[in-house]
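Subject: Structure for you to look at, with notes

Dear colleague,

Here is the structure I promised to pass on, and my notes on it follow below. Please keep the sequence and the 3D view open while you read.

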Amino acid sequence: MPGAWRQDGIAWIPLTEELTTQWIGSLDTSPNDPNLILVGTGEPHIRAGTGLWRSTDGGLNWENRPLPGSPATCFRLRFLPDGQTVVGAFDLGIYRSSDAGLSWSRTPLPHWPTDLAIHPANPLVMWTPVQNNGLFRSDDGGVTWAQVQGSGIPTVGNGRGSVTVSAANPDRLYLAFAGLDNNLMGVFRTDDGGLNWIDVSPPEDYFWGQGWYNNSIGVSPIDPDLVLAGGGGLQRSDNGGLTWTTTANTHIHADVHAIEWTEDGSNLYVATDGGYSHSPDGGLSYFSSLNRLPITQYVNIDAGNNF
């Protein structure tokens with residue numbers, strides 16, 4: 001996404017125009033201080049970022065914080081509830097800070113960790129999909145990780161993955177994997193915290209061959225059966241993935257990169273290549289585009305021979 005922005009009323013204000021890159025992978029704000037913002041940069045497979053940036057004044061000023069190994073891409077960056085511990089999924093592994101983003105340590109994994117889900121009641125427990133290595137879990141706040149060996153879950157052969165956990169039922173997780181061919185490998189569900197998994201894949205390959213680029217999944221925080229999965233298009237299920245419907249709405253642009261809910265489950269936001277869309281009914285019948293972000297991502301340029 002080009003830059004990070006803050007909404008004041010209906011106006012959007014750019015925060016990162018002074019950074020050395022506008023390729024933003026993920027950002028998060030401290031739960032204890034809204035002026036403390038961390039931004040991880042880089043877009044996978046397309047353009048390397050310039051590491052991690054930290055602001056303590058709401059985005060007016062930024063400081064680049066060094067990361068071990070200088071990773072090129074940030075997939076997900078999340079504060080834990082204590083406001084001091086931060087965990088990030090980068091292309092070079094899991095990065096962790098215990099001082100609100102000032103200093104960082106790195107835990108290498110077998111391949112890229114491409115998402116991060118944190119247990120809503122016990123933030124020491126978290127999950128990350130790892131390319132070609134299935135799903136990994138940590139029980140100590142991201143310090144150490146082990147591969148999930150549960151029944152029914154792939155442990156090899158997967159491409160980029162996304163994972164989400166239900167606040168209404170933390171034993172319910174959904175995991176979406178692209179294959180190494182970037183088509184849909186499967187959407188998987190567990191009801192026992194990861195011991196056993198079932199395949200609840202939509203009948204439509206919604207990745208459109210772009211699973212390396214757009215792969216997101218988000219479960220409602222108040223209804224563990226309500227889940228949306230995004231790739232090139234957007235799929236919705238209200239029965240735990242047993243059946244799915246394709247969201248056909250003029251306000252949902254192609255290439256879905258993020259699916260986020262407010263904590264009370266009353267508002268759903270979908271971020272796409274065209275900006276973002278909002279639904280007050282969990283995507284059932286209504287999406288509106290209130291996108292006023294003046295951004296466009298150009299991917300090619302050419303010039304004629306004579307001029």
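Which residue in β2 is the bridge partner of Arg6? Before the reply, please bear in mind that this is a predicted model, and that every value below was computed from it.

The bridge partner of Arg6 is Ile13, which belongs to β2. That pair is part of a ladder in which strand β1, residues 5-8, and strand β2, residues 11-14, run antiparallel and are joined by four bridges. The two strands form a hairpin with two residues between them, and in the turn Gly9 has a positive phi of about 65°.

Further along the chain there is an open sheet of four strands, whose order is β7-β8-β9-β10 and whose pairing is antiparallel. The edges of this sheet are taken by β7 (74-79) and β10 (105-107), and because each of them has a single partner strand, one side of each is left without a neighbour in the sheet. From one strand to the next, the twist of this sheet averages 20°. Within the sheet, β9, which covers residues 93-97, is joined to the antiparallel β10 by three bridges, and Arg96 stands opposite Ser105 of β10.

Another open sheet is made of four strands in the order β11-β12-β13-β14, again with antiparallel pairing. Here β11 (117-118) and β14 (146-147) stand at the edges, and since each has a single partner strand, one side of each lacks a neighbour in the sheet. Strand β13, residues 135-138, pairs with β14 in the antiparallel sense over two bridges, and Phe136 has Gln147 of β14 as its bridge partner.

Two residues in other strands may be worth selecting in the viewer. Ser216 is found in strand β19, which spans residues 216-219, and Ser216 counts as buried because its relative accessibility is 3%, where the cut-off for buried is under 20%. Leaving aside neighbours within four places in sequence, Ser216 is in contact with Ser162, with Leu228, Ala229 and Gly230, and with Val256, His257, Ala258 and Ile259. Ser216 and Tyr95 are 121 residues apart in sequence, and their C-alpha atoms are 21 Å apart in space.

The other residue is His278, which lies in strand β25, residues 275-279. His278 also counts as buried, at 13% relative accessibility, and a polar contact of 2.6 Å joins its side chain to that of Asn267. When neighbours within four places in sequence are set aside, the residues in contact with His278 are Asn267, Leu268, Tyr269, Tyr286, Phe287 and Ser288.

What does a search of the whole structure find in the way of aromatic pairs? The search finds six of them. In one of these pairs, the rings of Trp212 and Tyr213 have their centres 5.1 Å apart and their planes at 45°, so the pair is described as tilted. Trp212 is partly exposed, with a relative accessible area of 28%, whereas Tyr213 is buried, with a relative accessible area of 11%. The rings of Tyr269 and Tyr276 also form a tilted pair, with their centres 6.5 Å apart and their planes at 45°. Tyr269 counts as partly exposed at 33% relative accessibility, while Tyr276 is buried, with a relative accessible area of 14%. Ring pairs link Tyr269 and Tyr276 with Trp12 into a cluster.

Finally, there are two backbone positions that you may wish to inspect. Most residues other than glycine have a negative phi. His45, however, has a positive phi of about 70° although it is not a glycine; His45 is found in the loop between β4 (37-41) and β5 (52-55), and counts as exposed at 52% relative accessibility. Asn182, likewise a residue other than glycine, has a positive phi near 75°. Asn182 lies in the loop between β16 (173-179) and β17 (184-190), and with a relative accessibility of 22% Asn182 counts as partly exposed.

With best wishes

Notes
Residues numbered from 1 in each chain as written. Predicted model: local features only at pLDDT ≥ 70, side-chain atom pairs only at ≥ 80, totals over all residues. Heavy atoms only, no water. Pairing = 2+ DSSP bridges. Axes fitted to C-alpha atoms, helices over the stretch in contact; angles between N-to-C directions. Buried < 20%, exposed > 50% of the residue type's maximum accessible area, 1.4 Å probe, protein only. Polar contact = N/O pair within 3.5 Å; in protein donor to acceptor, adjacent residues only side chain to side chain. Contact = heavy atoms within 4.5 Å. Phe/Tyr/Trp six-rings, centres within 6.5 Å; stacked < 30°, edge-to-face > 60°.
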